[in-house]
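Trainee: Please pick one part of this model and go through it closely. I want the residues, the numbers and the reasoning behind each label.

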Amino acid sequence: MTPGLESALAVTQSPAPKAPLPTANVEAAKKAAKQYEGIFVSEFLGQMFEGISTDGPFGGGQGEQMFRSLMLDQYGKQITSHGGFGLSDAITKQLLKTQESGQ
């Protein structure tokens with residue numbers, strides 16, 4: 001095998017993912033669950049904004065299209081910090097349950 005091909009194969013082959021380690025750190029699980037819910041809400045809002053054109057009184061255009069995802073990320077974080085959709089509690093419980101069982 002050629003040296004270049006060997007290095008290319010080494011880069012594309014990644015090790016198998018490891019199971020999560022058991023943890024008693026509830027705060028870390030809550031933080032991860034909040035982040036996940038924020039991403040979920042951002043994606044949810046992205047679907048709602050998809051059909052809205054960027055033309056308007058300020059011109060919109062390509063700049064608005066480019067920064068819309070950043071705006072939706074912030075909306076998702078704000079909605080989650082004010083209670084969100086209620087997913088983070090269920091996600092936290094499931095994370096802790098999965099880690100305790102060692103799966």
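Mentor: Start with methionine 48. Its relative accessibility is 53%. The cut-off for exposed is over 50%, so methionine 48 counts as exposed. Keep in mind that this is a predicted model. Methionine 48 sits in helix H2, and that helix is the part to look at.

First, the setting. The protein has 4 helices and 0 strands. Along the sequence the pattern reads α-α-α-α. Helix H2 covers residues 26–49. Check its length. At 1.5 Å a residue, the 24 residues of H2 should span 34 Å. The end C-alpha atoms are 34 Å apart, so expectation and model agree.

Now the nonpolar patch. Methionine 48 belongs to a nonpolar surface patch of about 770 Å². The other members are Tyr36, Phe40, Phe44, Met71, Tyr75, Ile79 and Phe85. Two elements, H2 and H3, give two or more residues each. H2 supplies the largest share, with 4 residues. For scale, the protein exposes about 8100 Å². Carbon and sulfur atoms supply 61% of that area.

Several patch members also have aromatic partners. How many aromatic pairs does the structure hold? There are 3. One joins phenylalanine 40 and phenylalanine 85. The ring centres are 6.3 Å apart, and the planes meet at 85°. Over 60 degrees counts as edge-to-face, so this pair gets that label. Phenylalanine 40 is in helix H2, while phenylalanine 85 is in the loop between helix H3 (61–81) and helix H4 (87–101). The pair therefore ties together parts that are 45 residues apart in sequence. Both partners are partly exposed: phenylalanine 40 has a relative accessible area of 37%, and phenylalanine 85 has 41%.

A second pair joins phenylalanine 49 and tyrosine 75. Here the distance is 6.5 Å centre to centre, with 40° between the planes. Stacked needs under 30 degrees and edge-to-face needs over 60, so the pair is called tilted. Phenylalanine 49 lies in helix H2 and tyrosine 75 in helix H3, so parts 26 residues apart in sequence are tied together. Phenylalanine 49 is partly exposed at 21% relative accessibility. The buried label needs under 20%. Tyrosine 75 is partly exposed too, at 38%.

Back to phenylalanine 40. Phe40, Phe44 and Phe85 form one aromatic cluster. These three residues are also named in the nonpolar patch.

Next, the buried residues of the helix. Which residues of H2 are buried? They are Ala29, Ala33, Glu37, Gly38, Val41, Ser42 and Leu45. Over the 103 residues of the protein, 17% count as buried.

Take glycine 38 in helix H2. Its relative accessible area is 8%, so glycine 38 is buried. Leaving aside neighbours within four places in sequence, glycine 38 is in contact with Gly76 and Thr80. Its C-alpha atom is 8.7 Å from that of glutamine 74. Those two residues are 36 residues apart along the chain.

Serine 42 is in helix H2 as well. Serine 42 is buried, with a relative accessible area of 8%. Outside its neighbours within four places in sequence, serine 42 is in contact with Leu72, Asp73 and Gly76. Gly76 also appears among the contacts of glycine 38.

There is a link to helix H4 too. Serine 88 is found there. Serine 88 is buried, at a relative accessible area of 7%. With neighbours within four places in sequence left out, serine 88 is in contact with Ala33, Lys34 and Glu37. Of these, Ala33 and Glu37 are among the buried residues of H2.

One total for context. Take the contacts in the protein with a separation of 6 or more. Residues 24 or more positions apart account for 79% of them.

To recap helix H2: methionine 48 is exposed, phenylalanine 40 is partly exposed, and serine 42 is buried.

How values were computed: Residues are numbered from 1 along each chain as its sequence is written. This is a predicted model: local features need pLDDT of at least 70, side-chain atom pairs count only at pLDDT 80 or more; totals for chains, interfaces and linings use all residues. Side-chain values use heavy atoms; hydrogens and water are left out. Rings of Phe, Tyr and Trp (its six-membered ring) pair if their centres lie within 6.5 Å; planes under 30 degrees apart count as stacked, over 60 as edge-to-face and the rest as tilted. Buried means under 20% relative accessible area, exposed over 50%, partly exposed in between (1.4 Å probe, protein chains only). Patches are made of residues with over 30% relative accessible area and no salt bridge: like charges are joined within 9 Å, nonpolar side chains (Val, Leu, Ile, Met, Phe, Trp, Tyr) within 5 Å. Accessible areas come from the Shrake-Rupley method with a 1.4 Å probe; for residues, only the protein chains shown count as cover. A salt bridge is a side-chain nitrogen of Lys or Arg within 4 Å of a carboxyl oxygen of Asp or Glu. Contact means heavy atoms within 4.5 Å. The expected span of a helix is 1.5 Å times one less than its number of residues.
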